[in-house]
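Visitor: I would like to learn how to read a model of this kind, feature by feature. Could you take me through it, giving the idea behind each feature and then the case at hand?

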Amino acid sequence: MKTFTRKMIAGVFATVCFLSMNLASADNEVLIEQVGDNLTLTILQAGYGNSLSGDTSQSTDLTLTGGSLIVDLIQDGNLNEMFGAWIADGDGTAVLDFYFQGDSNIWDMNMGATGSADYNDILSNIVGSSNLFDIDIGGNATAESNNMDLIILGDRNDFSTSFTNSKVWAAGSGNNSTGTQTLSGIVIDSSNNVWNFDITGDDNAFATKQASNDGNSMTVELMGSDGDFQLIQNMTATCTPACAGVINLDIDSENASVSVVQQD
Amino acid sequence: MHRLALFSKTKWLLLLGCIATSSINAAENIGGIFEQSGSVGKISRTTGETLQAELETDIVSMDEVETANGRLKIKFIDDTQVSLTENTYMEINEYVFDPDPNKSKMALNFVSGTARFATGGLGLVARQNIQIQTPTASIGIRGTDFTTTVDELGRSLVILLPDEDCTDKVKLEEGCAPSGSITVTNDGGTQILDEAYQAVMVSTFETIPTSPVKLVNLNLDMIDNMFIVSEPKEITVAQEEQQDQLKGDAGLLDFDGLDQDFLDQAILEEDTEQQFEFSELDIDYLNVEFLTDLLEVLSDDIDALAQEELSSGSGDKLISQQWGRDPSSQFNNFPEYDGKVFFLREVNNKIGIKLAQGSMAQIIINDSDTGETVFCLNQCESIYIRITQND
């Protein structure tokens, strides 16, 4: 596990850190609305029932806007939530590290929702079961040339169901405001993204889509039984030569169902 | 079949006399066509010239020889003979003849089709200087007589033939000595053939040739049958039509097939009659046509052997699919890559799938160009992978 030594440095607008060493504590709430460059932010939420969002009603997106962001977020406990889609927009290099340890957590992130979010390096490390995830990248604006790594160790994690920021589950529809996405889960609607994920555990459901232009690649390692995975790589732009995508799939499983669609 | 007796004696003596004191280089005559049958193929020269591959046509170094619906036999000045069957393509990459055998060189590339190679018994070209290439293997010459058959995918079947005395029926039945030995080499490794009628199959240049298999079913009866198989196509068609009609409803068609003698019809009276003529002396029981037919008969067995060898490391079995590149799915299937079974399909998009060895999986590939292909690893259950890959 990575050692976190970075100190929280106040950014342009606001940085909030809640640190609780009492694992029995509950219902800590962190509200973030941050605009500006060169933010270094570390948040450790320990306990259960904690949340990160944009307002106290938990209905507004947590906002991170700016370039050259360095964000470490750790939620250690059960029943934690990041309410509302993250709006993590920034035009410049950002390093975003997310760590979730616990069960029944909810994570909804939206990058490039209202502004471009290019050249970011995102690491998500999840240890726990029955977590729910909805990640949308490049919905309205560009989110190109990102490098995303997702490591999941646990059972019954669900990346295949989408929900809105009002906590209403919207199965079968993505969180893309263009209304063009039909896939729930992790939707990457931009080009030149490198998408690597390892999923270890049983009964995991996972769906992801890489769309838009050329240069997307996906490397997937799946270990565990009874998984249900849907991988889509859909190049929609016109390229010369034709747009090409790459999927590398490594499966060690029983009773898994994997659907791969690769089109240009 | 046209056989040129004068060409094979007088002219050869003249040629050999000429080379006794000087070496022969590119663009000089290095041999010629001394047997030809069927329709005429062509010879392409580096000068841009294209010649008809007719009887008595001279051959020079760097020629590319291609047969059409016919066969031909080339004799080089060192007495090496190469026979080409129908639709065979061979490149003479290099031929240098020198009075010193160690300075002579021969490099042939059998690109496609079936060819029989017999080194000259005079030893005028050192065998280590003879390079025979197919798309998937290099053949080292220590013997004198072998065949190669290269299919449209570049796979090569190489068969070591017995000593030429085995054309004698009695010796053939008693068993035959090999004409020597040959090595079949590529990036995957080397196999040595040192028994008559041993054969190896080479699928790709990266995969080792299969272990040599003895074509035990090869016997005189089979050769005779093969010869019957290779009778002129037109006669076969006529016979098939006759049989079909005999099986049909003569009442409806008002036709009595027994009254017809198709062999007496114009088929043999047309211009092609001459090319169908043959005498007992013209029958070469080891001719390349026989080997073409033999490949058809044995290819399944040899493919099975190759597949067995490919999968022997992991014990995994493919169902409705073959190891290596499978044309039906366009997947390249590797039984062991990085400790796993690996499937790779690369059209415009690229997908690679690694499965743990011993896994059971069903893979369905749907391509707008090739349609749907279903195959399985070990058993068609447990892991279900459906792939839609369109350009």
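Visitor: How many bridges join strand β19 of chain A to β26(B), and do the two strands run parallel or antiparallel?

Guide: Please keep in mind throughout that this is a predicted model. Strand β19, residues 257-263 of chain A, is joined to β26(B) by 7 bridges, and the two strands run parallel. To fix the register, one may take a single pair of residues, such as A:Q263, which stands opposite B:N390 in β26(B).

Visitor: Which strand of chain B is joined to β26(B) by 6 bridges?

Guide: That is strand β24 of chain B, residues 361-367, which runs parallel to β26(B). Here too a pair sets the register, since the bridge partner of B:A361 in β26(B) is B:I383. On following β24(B) further, one finds that it pairs with strand β25, residues 371-377 of chain B, in the antiparallel sense over 7 bridges, with B:I364 opposite B:V374. These two strands, β24(B) and β25(B), form a hairpin with 3 residues between them.

Visitor: How many residues of each chain are in contact across the interface?

Guide: As a general matter, the size of an interface is often given as the accessible area lost when the parts come together. Here the description is by contacts instead: 19 residues of chain B are in contact with 23 residues of chain A. On the side of chain B that touches chain A, β23 (350-356) and β26 (383-390) each supply at least two residues, and β26(B) gives the most, with 8 residues. By character, the residues of that side divide into 8 nonpolar, 7 polar and 4 charged.

Visitor: Which residues touch the most other members of the largest nonpolar core?

Guide: That core has 65 residues, and those touching the most other members are A:L64, A:A88, A:I251, A:V260 and B:I385, so that both chains are represented in the list. The element that gives the most to this core is β7(A), with 7 residues. Taking A:V260 as an example, and leaving out residues up to four places away in sequence, one finds that it touches A:L231, A:I247 and A:L249 as well as B:I351, B:I385, B:R386 and B:I387. A second, separate core of 47 residues includes B:V82, B:I132, B:V158 and B:A199.

Visitor: Is B:N333 buried or exposed?

Guide: The reasoning is a count against a cut-off: B:N333 has 25 other C-beta atoms within 10 Å, and it is therefore buried, the threshold being 20 or more. B:N333 has its place in strand β21, residues 331-337 of chain B. Its contacts, apart from neighbours within four places in sequence, are B:L318, B:Q321, B:W323, B:G324, B:D326 and B:F343. The C-alpha atoms of B:N333 and B:L344, which are 11 residues apart along the chain, are separated by 6.5 Å.

Visitor: Where does A:S104 lie?

Guide: A:S104 lies in the loop between β7 (81-101) and β8 (106-111) of chain A. It counts as partly exposed because it has 16 C-beta neighbours inside 10 Å. Not counting residues up to four places away in sequence, A:S104 touches A:N78, A:L79, A:S130 and A:N131, while its C-alpha atom is 9.5 Å from that of A:R156, 52 residues apart in sequence.

Visitor: What is the phi of A:D203, and what is that of B:E56?

Guide: Most residues other than glycine have a negative phi. In A:D203 phi is near 60°, a positive value, and in B:E56 it is near 75°, also positive. A:D203 is found in the loop between β14 (194-200) and β15 (205-212) of chain A, whereas B:E56 is in the loop between β4 (50-53) and β5 (58-60) of chain B.

Visitor: What is the mean pLDDT of chain A?

Guide: The mean pLDDT of chain A is 72, and 70% of its residues reach 70 or more. Over residues 1-25 of chain A the pLDDT is below 50, although this stretch has 47 contacts in the model beyond near neighbours in sequence. Residues 163-184 of chain A also have a pLDDT below 50, with 55 such contacts.

Note on methods:
Residues are numbered from 1 along each chain as its sequence is written. Chains are lettered from A and ligands numbered from 1 in the order in which they are written. This is a predicted model: local features need pLDDT of at least 70, side-chain atom pairs count only at pLDDT 80 or more; totals for chains, interfaces and linings use all residues. Two residues are in contact if their C-beta atoms, placed from the backbone, lie within 7 Å. Helices (H or I, at least four residues) and strands (E, at least two) are DSSP runs, numbered from the N terminus. Ala, Val, Leu, Ile, Met, Phe, Trp, Tyr, Cys and Pro count as nonpolar, Asp, Glu, Lys and Arg as charged, and the others, Gly among them, as polar. Two strands pair if DSSP finds at least two bridges between them. A residue is buried if 20 or more other C-beta atoms lie within 10 Å of its own, exposed if 12 or fewer, and partly exposed in between; C-beta atoms are placed from the backbone. pLDDT is the predictor's confidence in each residue, from 0 to 100. A nonpolar core is a set of buried Ala, Val, Leu, Ile, Met, Phe, Trp, Tyr and Cys residues joined through C-beta atoms within 7 Å.
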